[in-house]
Amino acid sequence: MQVDMKNMKNMRNDALAIFNASLEAVDPEKAVHKYLKREGDLLRVPGESAVDLRDYEEVLVVGAGKASAAMAKAVGEILYDRRVRGVICVKYGHELELDRIDVIQAGHPVPDEEGTLAAREIMRLASEATARHLIISCISGGGSALLPAPPPGISLDEKQYLTKRLLEVGADIHEMNSVRKHLSLVKGGRLMKAAFPARVINLMLSDVVGDDPGVIASGPFAPDNSTFQDALRILQKYDMMKDAPESVLSWLKRGVSRELPDTPKSGDPIFSQVTNIIVGSNIQALIAGKHAAEALGYNTLILSSSVQGNTAEAALLHGAIAREISASENPVSPPACILSGGETTVQVRGPGKGGRNQEFALLLIEAAAQIPNSLFFSAGTDGTDGPTDAAGALVESSSLERARLLHLYPEHFLARNDSYHFFSSLGDLIKTGPTRTNVMDVRIVLVR
Ligand SMILES: Nc1ncnc2c1ncn2[C@@H]1O[C@H](COP(=O)(O)OP(=O)(O)OP(=O)(O)O)[C@@H](O)[C@H]1O
Ligand SMILES: O=C(O)[C@H](O)CO
């Protein structure tokens, strides 16, 4: 197959420009400014009557997640003339210096001691809040790992072990968080329980399919529709009953036998004090990417912002669509740009290093070689794909040939889940550094 190198270089730049436009649209600071507006003493909240700031002595800003410091920065700017204090927990490297709000950095995806400290501080603020306090919560993806608050008898080590195992077995985020909510003093609405009767504006940058406030960062201010029984069932489903710590199993069993109170459910009067606002989500990123692609001359289609499940299946589908575009100009004709979002999972079996986006790209290297002038790009909007320093990777029609010249064989790297080392050798990792936003992944398929 003849590869048009000039075309390929342009396509690479196009993919990066489209991704940058997607990131720009979900910039957390701008997103908060878009939804939270000030008019003198009034705070305008979408879909609600305005909040009169004169009703409150003080505003407490709390939250956790990779984007939370930037969200809190915007809140600080909006409330520049009010009494504001608070605590925010972000992943190491995602920090920002804020005047009136403490920013704690902690471990992610595996929680650490700093995270427990942040959770304790936030719990203390929430418990001390009265009806004269307005709480503005800045929640974003990564918040679950960043606020570990294990119940008595369960150690942080045991929680770390459980989180690692659930990641390895490929539990999806709904399952993962159903378990976490039942092993926490803050998640699953428990922070709201502590904060009641304070009024809460719960700002969320969503990194979950469906944008459910109960799932984003395990919903510290949201009702939980899962139960202790569900949490136990999830451990059974992944065959973890034997290797889950005894303390965890016994806590969940006590919950099932109603010895422990379950998380607060919707309908609980505490939630009448909360206003939930999704300030940014994957579809917003995809729409911005689509506009950027159109400006570059592509015919565009957003496939879905909720692609979940197995990474290999998602890769097969994206390959098939690109093939169809090239062969029959369906569902759009070249030059075509297909966008999709969501978050797939990889069941890590090998000892290698990688992430779902890098593995997605690697799985498509043969398809790219077979489809003239095609490119597959996949990256996490947070700038981190799995436990690596890359956001993702791309493959194009020439990638396979270049790899062979370097004696890099995709199947060997795939068998070891070692997509990171494949792409670092090939020079096709996407590295953005921490973007301070997080709305799951963006995939871009280009066919010219
Ligand atoms: N070697 C590997 N190859 C492929 N995928 C991997 C590898 N190691 C980990 N993963 C995948 O990376 C994912 C974890 O990635 P990441 O840290 O980006 O989490 P995340 O889900 O985006 O975090 P959060 O949702 O908390 O923001 C898991 O789905 C896991 O299957
Ligand atoms: O922190 C979490 O729970 C995930 O990122 C989903 O929001």
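Okay, let's start right at the ligand: an oxygen atom of ligand 1 sits 3.1 Å from a polar backbone atom of G386. By polar contact I mean a pair of N or O atoms within 3.5 Å; inside the protein, one must be able to donate a hydrogen and the other to accept it, and residues adjacent in sequence count only if both atoms are side-chain atoms. The protein covers 90% of the 640 Å² of accessible area that ligand 1 has on its own. Those areas are Shrake-Rupley with a 1.4 Å probe, and for residues only the protein chains shown count as cover.

Quick housekeeping. This is a predicted model, where local features need pLDDT of at least 70 and side-chain atom pairs count only at pLDDT 80 or more, while totals for chains, interfaces and linings use all residues. Residues are numbered from 1 along each chain as its sequence is written, chains are lettered from A and ligands numbered from 1 in the order in which they are written, and side-chain values use heavy atoms, with hydrogens and water left out.

Back to ligand 1. There are 19 residues around it, and the closest are K66, H108, V346, R356 and N417. Near, for a residue, means one of its heavy atoms lies within 4 Å of the molecule or strand in question. H108 puts a polar side-chain atom 2.8 Å from an oxygen atom of ligand 1, and V346 has a backbone N or O atom 2.8 Å from an oxygen atom of the ligand. Split by class, the shell has four nonpolar, nine polar and six charged residues. For the classes, Ala, Val, Leu, Ile, Met, Phe, Trp, Tyr, Cys and Pro are nonpolar, Asp, Glu, Lys and Arg are charged, and the others, Gly among them, are polar.

So where is ligand 1 relative to the domains? Domain 1 (5-23 + 283-447) and domain 2 (27-149 + 184-226 + 263-280) both give residues to its shell, so ligand 1 lies between them. Those bounds come from an automatic or database domain assignment.

While we're at H108: the peptide bond from H108 to P109 is cis, with omega near 5°. P109 lies in the loop between β6 (101-106) and α4 (113-128). Helices here are DSSP runs of H or I, at least four residues, strands are runs of E, at least two, and both are numbered from the N terminus. There's another cis bond, from P334 to P335, with omega near -5°; P335 is in the loop between α12 (311-328) and β11 (336-342). And one more backbone oddity to look at: R258 has phi near 65°, a positive value in a residue other than glycine, and R258 lies in the loop between α10 (246-256) and β9 (274-280).

Next, ligand 2. It has 13 residues around it, with G142, S144, N177, D207 and A217 coming nearest. G142 has a backbone N or O atom 2.7 Å from an oxygen atom of ligand 2. The side chain of N177 offers an N or O atom at 2.8 Å from a ligand oxygen, and a backbone N or O atom of A217 is 2.8 Å from an oxygen of ligand 2. The protein covers 93% of the 230 Å² of accessible area that ligand 2 has on its own. Which elements give two or more residues to that shell? They are α5 (143-146) and α7 (173-181), and α7 gives the most, with three residues. By class, the shell around ligand 2 is five nonpolar, six polar and two charged.

Now the sheets. Strands count as paired if DSSP finds at least two bridges between them. One open sheet has three strands in the order β1-β2-β3, with antiparallel pairing. β1 (37-39) and β3 (51-52) are at the edges with a single partner strand each, so one side of each has no neighbour in the sheet. β1 and β2 (residues 42-44) pair over three bridges, and K37 stands opposite R44 in β2.

The other open sheet I want to show has six strands, in the order β10-β11-β15-β12-β13-β14, with mixed pairing. Its edge strands are β10 (299-307) and β14 (429-430), each pairing on one side only. β12 (residues 374-380) and β15 (residues 441-447) run antiparallel, joined by seven bridges, with F376 opposite V445 in β15.

Last, the annotation. UniProt, in an unreviewed entry, lists "domain: MOFRL" at residues 336-441. Positions follow the numbering used here, feature names are shortened, and annotations may be inferred rather than shown by experiment. In the model, that span is 33% helix and 21% strand, and its end C-alpha atoms lie 20 Å apart.
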